[in-house]
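User: I'm new to this structure and would like a close look at one part. Could you take me through the salt bridges, and then show me a few other places worth finding along the chain?

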Amino acid sequence: MKFASGTWIARMLIVVAAALAQPVHAQKAPQVVPDAVPESKVVRAAVDDDLLTDTERDAQRIFHGLLDEVSDDAQRTAAFALARWELDSPLLAPDHEATAPLIRAEAAMRRGDYHLIGDLLAGDDSPRAVLLRGRALAGLGQFDQAVVVLTPLRAAATNHKYQAAADITAAAEATAELAILEGRGGDEYQLVLSEYDRATQQADRLYWPAHLAAGELLMSKDNPQQALKSLQAALLLNPSESRIWFELGRIALRGYNFAEANKAVWKLRQIQPTSVLADILASEMYLQQRDADLAQRTLIPALMRYPNQRDLLALSAAAAALQFKPEQTEAALAGFDAVSPGHPLAYFVTGKYLSLTRQYDRGADMLAIASKRQPNWSAPQVELGLLLNQAGREEESLAILRGVTRLDPFNIRAANVLKMLEALAGYHTIETDHFIIKYGDEIDGALARDMPEQLEQIYDEVTAAFSSKPRVKTLIEIMPNKQYFAVRITGMPDIWTIAASTGSVVALTPPRIGKKQSGPFDWYRVIRHEFVHTVTLDQTDNRIPHWFTEACAVSQEPGPRDYNTCQLLATTLLNDELFDLDEINWGFVRPKKPTDRALAYAQAHWMFQYITQRFGHRTILKMLALSRQGVAENRIVPEATGQTADAFMSGFKQWAHQQVDDWGLNPTPTRREVLTKLREGDDNTQQNLDALLKQHPDHPDLLRIAAENAIDRGDDKAAYSLLLRYASVRPVDPWADARIAELAVKLGRPNEAVSHLEQLDRLDQHTGAHAESLMEIYRRSGQLDQAQVAAQRVLIRQPYNPAMRETAATIALQRGDLETALRHLQALTVIEPEQSIHFTRLAALYHKMNRPAEAKAAAEKAKALNPNAPVDAFLN
């Protein structure tokens with residue numbers, strides 16, 4: 001590299017500045033809920049069979065969900081009403097004796113009227129009737145009686161007694177129920193799946209209920225990938241079956257794919273406008289999105305229609321718990337117990353959603369009760385183990401998950417987390433005053449040993465900013481790759497981010513290059529953001545509004561707002577499309593446009609800045625205190641600022657307009673008007689530009705065009721002057737900083753590049769290229785202290801870069817900072833453990849530091865790698 005030419009630095013600046021200007025796109029979520037279902041040729045052939053009577057053809061159409069083709073007479077049957085989940089139909093009433101008892105019993109089960117099933121099916125010993133009786137008894141909390149009723153069906157499944165698909169499926173479903181009641185999930189899981197296969201592969205290839213049952217079983221084992229295949233097979237054979245769409249929606253929720261889940265809700269309401277499954281799925285989605293109020297507004301009318309429906313009752317208790325209404329929560333739990341004494345469902349559901357909202361202590365209590373009520377049911381124990389894992393109580397989680405995987409060895413989430421926790425137990429540990437750093441792979445020790453001093457700096461600054469200190473040390477866990485990280489956070493190996501805080505635990509993928517790795521990123525910035533979540537969640541007892549916790553976190557990130565974000569905010573403000581206070585949380589969890597989530601983060605931080613400037617930082621602290629007190633989210637800003645929500649937003653927008661003006665993103669005339677005037681008279685574009693600049697000497701778009709023209713014609717001095725003017729009127733555009741730094745080097749004035757390189761470095765979250773440029777400038781000018789700081793900034797993004805480690809070690813040695821040099825040389829021995837030169841240098845440094853034993857050990861390692869290594873002096 002030739003510094004004098006400036007070529008290397010110029011190229012690097014252009015490439016990185018271009019990258020900074022590119023919009024960031026989130027990975028498109030996979031489609032789970034299809035927009036349309038293609039017609040099945042085999043179903044069409046079966047329905048159109050010439051041998052069928054009209055009545056038989058209608059029955060086939062109903063069974064396969066071709067409801068639009070059903071005759072008028074058939075549409076007035078109970079079977080049609082049941083297929084559409086029209087549970088309020090008089091034809092499905094318990095006392096409508098013209099309807100077959102089995103159909104009335106099916107409808108009663110769906111409404112939650114379990115107490116009616118025994119009388120409705122008295123004397124019916126068909127497999128389906130026995131299954132419904134057993135499920136009803138279990139739903140009523142009468143577990144022992146349910147076991148007695150269902151056991152003969154398990155024997156039938158084991159002996160392959162039945163040959164009809166419906167009977168095979170019913171016996172297999174009974175076996176699955178017994179596995180839960182008796183804790184035999186491992187013993188009979190394969191039997192149940194094989195019986196479902198027998199139903200569809202041997203008995204009747206068109207019997208979709210067996211595919212549905214298989215999908216439900218696989219979902220209970222936290223196996224959404226395989227469940228999806230079974231559900232898709234069922235959907236092809238019956239595109240109108242609500243239970244299939246319901247399970248697809250649940251798969252979407254498992255992946256936090258709210259758009260797909262909402263599609264499932266919409267589809268369910270298409271089939272039946274008052275669908276209880278739609279109400280259940282929508283409520284689950286709202287609770288997962290922390291919108292307990294909306295969940296309750298959905299649940300109340302649903303419960304008025306179906307007051308005994310157990311899922312609705314359980315979700316109502318969960319919603320009350322998430323609203324921090326303990327009396328209502330206890331009343332809802334008691335209401336559930338009134339119809340199902342001793343049943344664990346309500347406690348399980350409440351505990352699960354408390355866990356999702358990081359109410360770990362309350363959630364653990366609920367899940368412990370659910371586990372005690374039905375110790376053979378693995379689901380509450382799995383959830384409790386995952387909760388304890390999220391809360392950083394890893395030893396307790398490990399004990400529970402070891403037990404639950406013996407009870408249910410086919411639960412994938414439990415097995416994943418158990419494997420991860422057993423690996424974590426053997427991780428290396430570095431402990432500081434306020435953090436415990438864990439890492440598994442030896443190479444990650446290079447990153448881990450960089451962290452202590454910087455983590456303590458983060459602790460001091462963040463806790464001072466929010467006047468609060470976490471009650472326990474924060475775990476920083478460096479996971480080996482993205483899959484391990486995903487299991488650490490969600491229990492499943494699917495990933496959408498590089499780091500996350502679950503309270504007292506911050507997990508991250510290392511900024512390494514390679515398969516299943518995240519690539520370089522600014523780990524300091526990321527951990528600082530996540531640690532703010534740790535502080536504010538602890539400070540507010542996990543009650544902080546979503547937008548506000550993100551605003552706090554972004555406010556503590558080093559560096560200015562990037563250009564894309566400034567443009568997004570400016571465009572949205574000028575189009576009067578900012579979120580209102582009661583809308584902004586929706587931008588995070590239910591975005592309507594691709595830019596909504598990014599806008600929610602950006603606007604939240606913008607409002608934080610406005611509150612701080614207009615009302616003082618004490619108002620931020622007051623908002624945190626109000627959050628802890630459980631003040632309703634829509635009251636926090638008005639109570640803290642003394643303004644109504646409308647008045648607050650009006651003042652915020654006025655302030656925001658001034659910000660946009662200061663950024664140079666609302667010029668007069670507009671960019672479009674400028675371009676139009678420049679095109680007037682194609683032969684006089686430069687003259688038009690000069691004339692317009694005289695009229696508008698500080699117009700940012702005109703100055704950028706003029707600077708670009710000067711660069712293109714090679715007039716470096718004119719370009720430099722124009723770039724400085726452009727940067728002063730549009731200071732948020734990194735293009736100017738990159739070009740100014742390039743020209744400063746080219747013109748032989750590298751010191752003038754420094755401030756612009758520093759600005760670019762503050763914006764850079766991935767490459768470290770600008771910090772490397774600064775390091776070279778400082779080294780060549782003998783400013784070693786500044787060079788070491790710049791080298792550290794590079795290594796924050798690229799801690800596994802051996803060349804940069806060598807350079808950083810050299811700078812540290814030149815400064816006489818032997819401890820820092822030692823850290824870098826130690827890092828090199830794990831980054832490139834096969835290179836003897838690293839151990840040779842390490843031995844020499846230990847010798848210089850008068851640490852002979854360590855010098856000898858390093859020298860022996862160097863000799864083992866290279867017998868000719870020049871380390872003999874350190875071996876004695």
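Analyst: Happy to. Let's begin with one pair: arginine 61 and glutamate 69, whose side chains meet in a salt bridge at 3.7 Å, N to O. Please keep in mind that this is a predicted model. Arginine 61 counts as buried because its relative accessibility is 18%, under the 20% cut-off. Glutamate 69, with a relative accessible area of 31%, is partly exposed. Side chains of opposite charge can pair when their charged atoms come close.

For a second pair, look at arginine 402 and glutamate 422, whose side chains form a salt bridge at 3.4 Å, N to O. This pair links distant parts of the chain, with arginine 402 in helix H23 (residues 394–407) and glutamate 422 in helix H24 (residues 412–425), 20 residues apart. Arginine 402 is partly exposed, with a relative accessible area of 37%, and glutamate 422 also counts as partly exposed, at 39% relative accessibility.

The third pair sits within one helix. Arginine 780 and glutamate 776 both lie in helix H42 (residues 769–780), four residues apart, about one turn of the helix. An α-helix has 3.6 residues a turn, so residues three or four places apart point the same way. The side chains of arginine 780 and glutamate 776 meet in a salt bridge at 3.8 Å, N to O. Arginine 780 counts as exposed, at 51% relative accessibility, whereas glutamate 776 counts as buried, at 15%.

Salt bridges that share partners also join Glu39, Arg44, Asp48, Asp58, Arg61 and Glu69 into one network, which brings us back to the pair of arginine 61 and glutamate 69. Across the whole structure, a search finds 61 salt bridges.

Now for a pocket. The second largest pocket holds about 1100 Å³ of space. It is lined by 37 residues, and the closest to its centre are Arg290, Asp293, Asn585, Glu633 and Asn634. Among the elements that give two or more residues to this lining are helix H17 (292–305), helix H31 (584–589) and helix H34 (633–641). H34 gives the most, with five residues. By type, the lining residues divide into 16 nonpolar, ten polar and eleven charged.

Let's stay with H34 for a moment. Its buried residues are Ile636, Val637, Pro638, Ala640 and Thr641, and these pack against H29, helix H32 (596–615), helix H33 (617–628) and H35. Just after H34, glycine 642 takes a positive phi of about 75°.

A few backbone details round off the tour. A cis peptide bond joins threonine 668 and proline 669, with omega about -5°; proline 669 is found in the loop between H35 and helix H36 (671–679). Tyrosine 256 has a positive phi of about 55° although it is not a glycine. You can find tyrosine 256 in the loop between helix H14 (242–254) and helix H15 (258–271), where it counts as partly exposed at 37% relative accessibility. Asparagine 542, which is not a glycine either, has a positive phi of about 60°. Asparagine 542 lies in the loop between helix H28 (523–539) and H29 and counts as buried, at 16% relative accessibility.

Conventions: Residues are numbered from 1 along each chain as its sequence is written. This is a predicted model: local features need pLDDT of at least 70, side-chain atom pairs count only at pLDDT 80 or more; totals for chains, interfaces and linings use all residues. Side-chain values use heavy atoms; hydrogens and water are left out. On a 1 Å grid over the protein atoms alone, a cavity is a set of points where a 1.4 Å probe fits but cannot get out, and a pocket is an open set with protein on both sides within 12 Å along at least five of seven lines; lining residues have an atom within 4 Å of a point. Grid points are joined across faces, edges and corners, and a volume is the space filled by probe spheres set on the points. Ala, Val, Leu, Ile, Met, Phe, Trp, Tyr, Cys and Pro count as nonpolar, Asp, Glu, Lys and Arg as charged, and the others, Gly among them, as polar. Buried means under 20% relative accessible area, exposed over 50%, partly exposed in between (1.4 Å probe, protein chains only). Contact means heavy atoms within 4.5 Å. A salt bridge is a side-chain nitrogen of Lys or Arg within 4 Å of a carboxyl oxygen of Asp or Glu.
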